[in-house]
Amino acid sequence: MTDKMQVNLRQVAMEILYEVQKNNGLLHVVLSDALKKYQYLDKNERSFISRLVQGTEERKIELDYIIDSFSKTPVKKQKDVIRIILEMSVYQLKYMDSVPASAVCNEAVKLAVKKNFGTLRGFVNGVLRNIARNIDNIEYPDKSTNTDKYLSVKYSVPEELAGYFLKKFGDNETEEMFEAFNKDKSTYIRCNTKKTDIAGLTAALEAEGVTVTNEGIDKRIDYALKISGYDYLGGLKSFRDGLFFVQDISSMLASQGFIKRDAYVIDVCAAPGGKSINAALMADIGHVSSRDISGRKVSLIKENAERLGIDNITYKVWDAVKKDEESVEKADVLICDLPCSGLGIIGRKPDIKYNVTYEKIKELALLQRKILSTVWEYVKKDGILIYSTCTVTPEENAENTEWLVNNYPFELIGKPEQIMPQDGTGDGFYIARLKRTE
């Protein structure tokens, strides 16, 4: 085991960010793997790593803008290691008040030297000390004359994406959404009613020192809790014993009230598996066929379900665009939580926003139609199709629902729900429930 005293927390954070920014690693995966590696560190030390990494990635465009305002060498021409050290340091200066500016600058210089960039120690020190002196007086783009640029810098959203949101949602709603992306996200859990009930789960969690509440949870859901104050999930006996699993409220709502105890459910794009497991608990004496194109992800779904002791799920590695003849007209409920741009969950996965373009949104909307045109046949007459995404774009949501109704024998059950990130509880999410008519 690595000697705890030798762990440089900022170096760990820098290496995580390097893997994400330079090698295209997924932030939540790379960060999770690193935190597992350094699980022996104190909670506060791991929290420091997590906040520094997530915050730096979340605010990257703003941080680069600030650096460019004070550096003679533009961010785009800097060495990757130096750029990341500067980004991390500016994030600490602007958003982590508990860290003294002198410590930020000194640690950045030490890290540059340690990473074999000693010749740039004067550059790093000079830029950061200049920024530290002026951190409360940064001049941002003018909001009234260049709204796209202002929103892009202020909330670290690529300018093209900021422009897209402005066209679709207008100035006020766009800014509300961007503010919501950057707010801390709560952890919601789904009670494993196969093993316990809400009262029993609450007691078990509180006995482990976890803060538990049902504050802000949709009244349609009586099996969810919001938790905080824990160290890490794997450290909780209640988690290891399978008394609950993590699932966002928006995701829980997708199937709420539409799965009967004896239902046969097909989940065509199941990863990461929350909806399949939720459906299995609702189906109870019924059955869920959980499918995904990725064998690795299907294995993870199975592993999670086994921890929970859920045995009414079968697993299949399957590409949803390919028709499964054996499934035609078999499903009482078909869950279509389809691949999407993920713009509703930027608050949890900030690296998503740097990879989405309007062209990608259109491509994903077409992929969704391709999948829907294949899987709709799996639904029995009078059966239910649940179409959902974790995004907020009309192309991937309302427009595809309208296309489905116009081209296939389905009618809407009630009004689709477009949950926005700023609504206050769950992630940005879209849910349409439809009934097969013939």
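Trainee: Which residues touch the most other members of the largest nonpolar core?

Mentor: Of its 54 residues, Phe165, Phe178 and Leu343 have that role. Helix α9 gives the most to this core, with nine residues. This is a predicted model in which local features need pLDDT of at least 70 and side-chain atom pairs count only at pLDDT 80 or more, while totals for chains, interfaces and linings use all residues. Residues are numbered from 1 along each chain as its sequence is written, and side-chain values use heavy atoms, without hydrogens and water.

Trainee: What makes a set of residues a nonpolar core?

Mentor: Its members are buried Ala, Val, Leu, Ile, Met, Phe, Trp, Tyr and Cys residues, joined through side-chain atoms within 4.5 Å.

Trainee: Why is Asn182 called buried?

Mentor: Buried means under 20% relative accessible area, exposed over 50% and partly exposed in between (1.4 Å probe, protein chains only). Asn182 has 12%, and is therefore buried. Asn182 lies in the loop between α9 (159-181) and β1 (187-191); helices (H or I, at least four residues) and strands (E, at least two) are DSSP runs, numbered from the N terminus. Beyond four places away in sequence, Asn182 touches Glu58, Arg59, Tyr155 and Lys353, where contact means heavy atoms within 4.5 Å.

Trainee: How do you know on which side of α10 the buried residues lie?

Mentor: In α10 (residues 198-207), the buried residues are Leu201, Thr202 and Leu205. Their arc, taken from the directions from the helix axis to the C-beta atoms, is only 100°, so they share one side of α10. On the other side, Ala199 and Ala207 are exposed.
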